[in-house]
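Welcome! Let's walk through this structure together, one question at a time.

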Amino acid sequence: MASQGTELADQVDRVMSAVDRTIVEHDSMYGGNDAHYFGVAADALRATLHALRGEGRPDPARVLDFGCGYGRVLRTFRAAFPDAELVACDLDPAAVARCVEAYRAVPLPAAIDVDLIEQVHDVDLIWCGSVLTHLDAPQWTPLLRYFARALAPGGVAVVTTHGRRVAWRMENMEGQHYGLTEQVVNRILGTYRASGFAYADYPGQDGYGISLSSPGWAVGRALETPGMRLVGYQEAAWDQHQDVLVLAKDADVVLKAHR
């Protein structure tokens, strides 16, 4: 196990050494700290490689980055899987255009209503970083079902959530209100403790805000998605902040009883 971990770390280091280091002016994920920006990208790459290796999957031929932004993570996929078709999906057309130009991605325009997004298919790997973290519970099911339809048989989805680490930060770290008022934070923490899930809009933004989901709640909701199997769940694995949930589209094969 230790050698596998070393091999994975070495692979991540090799890929990151070849990653494009360009950061465009309008990239909202860049806060002025190069080390943090690329460290977050490396964490995502590590999580996806770990998921693929753990399931014995080959390098993906088709990858969907859902919520790609300006390519903070997508660039690692271009370096790791040079021959793969990358699909870039985001609400920001300029961000998608950047990914098309810089990383030879196929554009997939996003929409607030996931049912209005063109359905892609035959995807081997989905990365969805910090999208469910901004959505209320009713929006989780359509998105997870979209992913299930997009995945090829045996494909893997790696998605992030706000779990116990984020709840702790809200409660214990000064200034960690995630753009919400203290009153709203107290309200959603109370709801989260009572039910395992809570959500609040950002001020002035209807339907877009911050969600908290316990590991049990997130896994339970994800496994309501037909055909999806739980592969793993790591708390605070992305940037020591967001949880990482891994699903595979093979439940009907792996979990079916054999006589």
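Q: Is Val253 buried or exposed?
A: A friendly note to begin with: this is a predicted model. Val253 is found in helix 9, which covers residues 251-254. A residue counts as exposed when its relative accessible area is over 50%. Val253 has a relative accessible area of 58%, so Val253 is exposed.

Q: Which residues make a nonpolar surface patch of about 300 Å²?
A: Residues in such a patch need over 30% relative accessible area, and Val253, at 58%, is exposed. The nonpolar patch of about 300 Å² is made by Val253, Val254 and Leu255.

Q: How many salt bridges are there?
A: Here the pairs to look for are a side-chain nitrogen of Lys or Arg within 4 Å of a carboxyl oxygen of Asp or Glu. One such pair is Arg98 and Asp20, at 3.9 Å from N to O. By this rule, the count of salt bridges is 11.

Q: How many residues apart in sequence are the parts that Arg98 and Asp20 tie together?
A: The side chains of Arg98 and Asp20 meet in a salt bridge. Arg98 lies in helix 4 (residues 93-103), while Asp20 is in the loop between helix 1 (2-17) and helix 2 (34-54). The pair therefore ties together parts whose separation in sequence is 78 residues.

Q: Which is the state of Arg98, buried or exposed?
A: Let's compare the value with the cut-off: buried means under 20% relative accessible area. Arg98 has 17% relative accessibility. Its salt-bridge partner Asp20, with a relative accessible area of 27%, is partly exposed. Arg98, at 17%, therefore counts as buried.

Q: What is the distance between the closest N and O atoms of Arg46 and Asp43?
A: Arg46 and Asp43 are three residues apart in helix 2, which means they are separated by about one helical turn. Arg46 is partly exposed, with a relative accessible area of 33%, whereas Asp43 is buried at 18%. The two residues form a salt bridge, and the distance between their closest N and O atoms is 2.7 Å.

Q: With which residue does Glu224 form a salt bridge?
A: The partner is a residue that counts as buried, at 19% relative accessibility. The closest N and O atoms of the pair are 3.5 Å apart. The residue that forms this salt bridge with Glu224 is Arg221.

Q: Which residues are linked in a network of salt bridges?
A: Each link in a network like this joins a side-chain nitrogen of Lys or Arg to a carboxyl oxygen of Asp or Glu. The network here has Arg residues as well as Glu and Asp among its members. Its members are Glu55, Arg57, Arg229 and Asp250.

Q: At roughly how many degrees do the axes of helix 6 and helix 7 cross?
A: Helix 6 spans residues 164-172 and helix 7 spans residues 182-195. Their axes come within 10 Å and cross at roughly 140 degrees. That makes helix 6 oblique to helix 7. The angle asked for is roughly 140 degrees.

Q: What is the phi of Ser130?
A: Ser130 is found in the loop between strand 4 (123-128) and helix 5 (137-150). Ser130 is partly exposed, with a relative accessible area of 23%. Although Ser130 is not a glycine, its phi is positive, at about 60 degrees.

Q: Where is Ala236, a residue other than glycine with a positive phi?
A: The phi of Ala236 is near 50 degrees. At 24% relative accessibility, Ala236 counts as partly exposed. The place of Ala236 is in strand 8.

Q: What distance separates the C-alpha atoms of Leu52 and Val156?
A: Leu52 is in helix 2, and Leu52 is buried, with a relative accessible area of 6%. Leu52 and Val156 are 104 residues apart along the chain. In space, their C-alpha atoms are separated by 7.2 Å.

Q: How far apart in space are Gln183 and Gly56, C-alpha to C-alpha?
A: Gln183 lies in helix 7 and is exposed, with a relative accessible area of 68%. Gln183 and Gly56 are 127 residues apart in sequence. In space, the C-alpha to C-alpha distance between Gln183 and Gly56 is 47 Å.

Conventions:
Residues numbered from 1 in each chain as written. Predicted model: local features only at pLDDT ≥ 70, side-chain atom pairs only at ≥ 80, totals over all residues. Heavy atoms only, no water. Patch = residues over 30% accessible without salt bridge, like charges linked within 9 Å, V, L, I, M, F, W, Y side chains within 5 Å. Areas by Shrake-Rupley, 256 points an atom, 1.4 Å probe, with all protein chains shown as cover. Helix = DSSP H or I, 4+ residues; strand = E, 2+ residues; numbered from the N terminus. Buried < 20%, exposed > 50% of the residue type's maximum accessible area, 1.4 Å probe, protein only. Axes fitted to C-alpha atoms, helices over the stretch in contact; angles between N-to-C directions. Parallel < 35°, antiparallel > 145°, perpendicular 65-115°, else oblique.
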